[in-house]
Amino acid sequence: MPSEGEQPSPQPAGETVRQLRALATPQGAAALARATGLLAARTDVVTALSRLRAEFGADLGGPAWGVARQREKARPVFGADADRLLFTGDTLEQAGRPELADRRAARLLAGGVASAVDLGCASGTDSLALARAGASVLAVDRDPVARELTAHNAASLGLPVEVRDADVVDLVAGATGGRVAGRGAAVLDPARRAHGRRITDPDGWSPPWSTVAALLDAVPRCVVKVAPGLDHDRVPAGVEAEWVSVGGSIVEALLWGRGLSATWRRATVVRAGAVHELTADADPGRAPVAAPRGWLHEPDPAVIRSGLVATVAEQLGATLVDPQIAYLTSDAPVDSPWVSSHRVTDVLPFSVKRLKALLRERGIGRVVVKKRGSAVEPEALVRQLRGKGEGRAVVVVTRVADVPTVLLCEG
Ligand SMILES: C[S@@+](CC[C@H](N)C(=O)[O-])C[C@H]1O[C@@H](n2cnc3c(N)ncnc32)[C@H](O)[C@@H]1O
């Protein structure tokens with residue numbers, strides 16, 4: 001558990017567990033409340049730590065500061081619950097969003113499934129969601145810190161969760177009759193980071209891809225969280241793959257076991273709190289291509305990653321501006337959650353000089369640069385294009401029929 005600064009020095013798991021237990025005592029809670037107050041008052045780390053150590057002792061002061069900092073980071077995503085939960089830097093980095101875990105739990109348990117297992121619980125986001133949805137939950141992790149956190153967090157929210165030490169690889173290898181660890185529903189969220197770095201090869205995840213594939217084969221009612229960049233070729237036949245974005249950024253990708261799979265691919269777009277789902281039962285192929293028209297549409301990243309750009313193009317009566325690039329164009333504006341749209345005023349070959357002249361002529365002094373299929377550095381181009389004019393515009397740098405092109409759009 002980090003006690004000071006951003007870079008915690010690794011300490012034995014047993015020591016972290018001991019500190020977490022100390023924080024769960026009334027004295028620990030008081031230290032945490034004090035650390036939270038110091039953090040809210042923007043007290044510098046050296047002063048805060050020396051006060052906490054003086055008031056609560058070195059054993060509680062440092063850990064309380066560390067958890068208070070994790071809670072501060074967790075608050076935007078976990079809301080008020082963040083102040084009742086314990087995290088380490090590592091488990092918070094791996095934690096999913098609670099509202100999406102709730103959504104997953106509801107689908108996993110639909111039809112009255114009574115029990116589920118969380119295969120690798122970390123600080124327990126999925127276990128808590130499953131318990132909130134009413135399931136009897138078994139949470140397993142081979143990391144004692146994760147088990148301690150999940151047990152504490154469940155107790156803190158008053159949710160019944162049984163926590164057990166087990167190796168997910170062994171549990172999945174022993175799955176029989178559609179059940180794993182004796183449960184008929186399972187969530188698996190493999191660790192895809194190590195030492196602060198992303199592991200891109202699914203065979204290097206923990207547990208590895210072989211366990212993911214074995215779970216999908218053995219337990220029909222399961223969901224696996226995977227890297228959003230997962231190659232479509234990896235998705236087993238009959239398994240639904242879903243990409244989820246929130247506010248225009250991909251936040252998770254899921255593989256739904258064959259007992260829950262309802263479609264080939266699903267793009268779930270959460271915008272302004274509303275959830276929109278787009279599905280296709282088969283690969284829609286590529287959208288038709290045509291020259292840029294009056295409107296440019298940027299598909300949401302969940303639509304792009306799920307391979308559903310052609311489905312959206314068909315719905316909107318739009319075409320691609322280039323066969324390799326996910327920008328759509330149409331004559332008329334559209335009202336759709338799947339795209340962000342811009343009115344195109346000019347289409348010109350890419351040239352900073354020509355672009356500057358055009359912006360000057362239009363009185364545009366501030367631009368937002370978007371790019372796809374171009375090596376241009378957006379921040380550098382924004383600086384280059386800054387001018388005296390009051391007007392604003394969106395500059396889209398891309399390729400059209402393989403020619404570097406700029407689409408100037410209304411800002
Ligand atoms: C990505 S985290 C899970 C995050 C969690 N779903 C959440 O949203 O907070 C993966 C967890 O799996 C555990 N884990 C990895 N390999 C495991 C294995 N073979 N057996 C048991 N646990 C394992 C790690 O210790 C880690 O806590």
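Here is a short conversation about a predicted model, covering its ligand site, a sheet and two backbone details.

Me: What makes the pair formed by the ligand and the side chain of Asp-189 a polar contact?
Reply: A polar contact needs N or O atoms within 3.5 Å. A nitrogen atom of the ligand lies 2.8 Å from an N or O atom in the Asp-189 side chain, so the pair meets that cut-off. Asp-167 also offers a side-chain N or O atom, at 2.9 Å from a ligand nitrogen. With Val-168 the partner is a polar backbone atom, again with 2.9 Å to a nitrogen of the ligand.

Me: How do you know how much of the ligand the protein covers?
Reply: On its own the ligand has 610 Å² of accessible area, and the protein covers 95% of that. Two elements, α7 (125–132) and α9 (168–173), each give two or more residues to the surrounding shell.

Me: Which residues are closest to the ligand, and what makes a residue part of that shell?
Reply: A heavy atom within 4 Å of the ligand is what counts. The shell holds 20 residues, and the closest are Thr-125, Asp-126, Asp-141, Asp-189 and Ser-206. By character, the shell divides into nine nonpolar, five polar and six charged residues.

Me: Why are β13 and β16 said to stand at the edges of their sheet?
Reply: The open sheet has seven strands in the order β13-β14-β12-β15-β18-β17-β16, with mixed pairing. β13 (319–322) and β16 (364–371) each have a single partner strand, so one side of each lacks a neighbour in the sheet. From one strand to the next, the twist averages 45 degrees.

Me: What makes β16 and β17 a pair?
Reply: Two strands pair if there are at least two bridges between them. β16 and β17 (residues 391–400) have seven bridges, in the parallel sense, so they qualify. One bridge joins Val-368 to Val-394 in β17.

Me: What does UniProt place at residues 341–410, and what is the chain like there?
Reply: The unreviewed UniProt entry puts "domain: THUMP-like" there. In the model, residues 341–410 are 27% helix and 50% strand, with end C-alpha atoms 10 Å apart.

Me: Why is the phi of Ala-122 worth pointing out?
Reply: Most residues other than glycine have a negative phi. Ala-122 is not a glycine, yet its phi is positive, about 50 degrees. Ala-122 sits in the loop between β1 (115–119) and α7.

Me: How do you know which peptide bond is cis, the one from Ser-206 to Pro-207 being described by its omega?
Reply: Omega is near -5 degrees for that bond, and it is cis, whereas most peptide bonds are trans. Pro-207 belongs to the loop between β6 (197–198) and α10 (209–218).

Methods: Residues numbered from 1 in each chain as written. Predicted model: local features only at pLDDT ≥ 70, side-chain atom pairs only at ≥ 80, totals over all residues. Heavy atoms only, no water. Polar contact = N/O pair within 3.5 Å; in protein donor to acceptor, adjacent residues only side chain to side chain. Areas by Shrake-Rupley, 256 points an atom, 1.4 Å probe, with all protein chains shown as cover. Helix = DSSP H or I, 4+ residues; strand = E, 2+ residues; numbered from the N terminus. Nonpolar A, V, L, I, M, F, W, Y, C, P; charged D, E, K, R; others polar. UniProt positions renumbered as here; feature names shortened; annotations may be inferred. Axes fitted to C-alpha atoms, helices over the stretch in contact; angles between N-to-C directions.
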